[in-house]
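Colleague: Got a minute to go through this one with me? I'd like to start with the contacts between side chains.

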Amino acid sequence: MMKEKKKGSMSAFSYTNAKGQTYFLHTKDVTLKNGRVQTIYYFARDERPGSLNAVPAGYQVVETTRTGMPVLKKAK
C-alpha cells in the first residue's frame with residue numbers, strides 16, 4: 001500500500017508492507033571511493049532529513065519476499 005503521509009510540517013512518501021509496517025522513502029548523496037557522487041534511495045521506519053514526498057520518476061516500489069522490506073526498482 002503506497003500513500004503520502006503528512007506529519008507536522010514534513011511530508012514523506014510512505015509504504016506499508018504486507019506485515020503492516022510503515023516505511024518512509026529517503027535520499028542521500030554519497031561519495032564513492034573513486035570520488036564520484038551518487039544519489040542513493042532508501043527506506044527507514046521513521047521520517048528523517050532527506051525524506052522524499054514521491055517516488056522518483058522511472059522507479060517503482062517492490063516489497064522483498066523474505067523480509068517484507070520495500071526497495072526501489074527501475075520501472076520497466
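Modeller: Sure, one definition to begin with: a charge sits over a ring if NZ of Lys or CZ of Arg is within 6 Å of the ring centre and within 35 degrees of the ring normal. Also, this is a predicted model, where local features need pLDDT (the predictor's confidence in each residue, from 0 to 100) of at least 70, side-chain atom pairs count only at pLDDT 80 or more, and totals for chains, interfaces and linings use all residues. Residues are numbered from 1 along each chain as its sequence is written, and side-chain values use heavy atoms, with hydrogens and water left out.

Colleague: OK, so which residue lies over the face of Tyr23?

Modeller: Arg45 does, at 5.4 Å from the ring centre.

Colleague: And how far is Arg45 from Ser14 in space?

Modeller: C-alpha to C-alpha they are 9.3 Å apart, with their positions 31 residues apart in sequence. Ser14 sits in strand 2 (residues 10-16); strands here are DSSP runs of E, at least two residues, and helices are runs of H or I, at least four, both numbered from the N terminus.

Colleague: Is Ser14 buried or exposed?

Modeller: Buried, with a relative accessible area of 0%. The cut-offs are under 20% for buried, over 50% for exposed and partly exposed in between, using a 1.4 Å probe and protein chains only.

Colleague: Switching topic, how many aromatic pairs are there?

Modeller: The structure has 1. Tyr41 and Tyr59 make a tilted pair, 5.6 Å centre to centre with 55 degrees between the planes. Rings of Phe, Tyr and Trp (its six-membered ring) pair if their centres lie within 6.5 Å; planes under 30 degrees apart are stacked, over 60 edge-to-face, and the rest tilted.

Colleague: What does that pair tie together?

Modeller: Tyr41 belongs to strand 4 (residues 37-44) and Tyr59 to strand 5 (residues 59-63), so the pair links parts 18 residues apart in sequence. Tyr41 is partly exposed at 33% relative accessible area, and Tyr59 is partly exposed at 29%.

Colleague: What's the secondary structure overall?

Modeller: The protein chain has 0 helices and 6 strands. Of its 76 residues, 25% count as buried.

Colleague: Last thing: where does pLDDT stay under 50?

Modeller: Over residues 4-9, for which the model has 11 contacts beyond four places in sequence, a contact being heavy atoms within 4.5 Å. Where pLDDT is low, the predicted coordinates should not be read in detail. For the protein chain, the mean pLDDT is 87, and 87% of its residues reach 70 or more.
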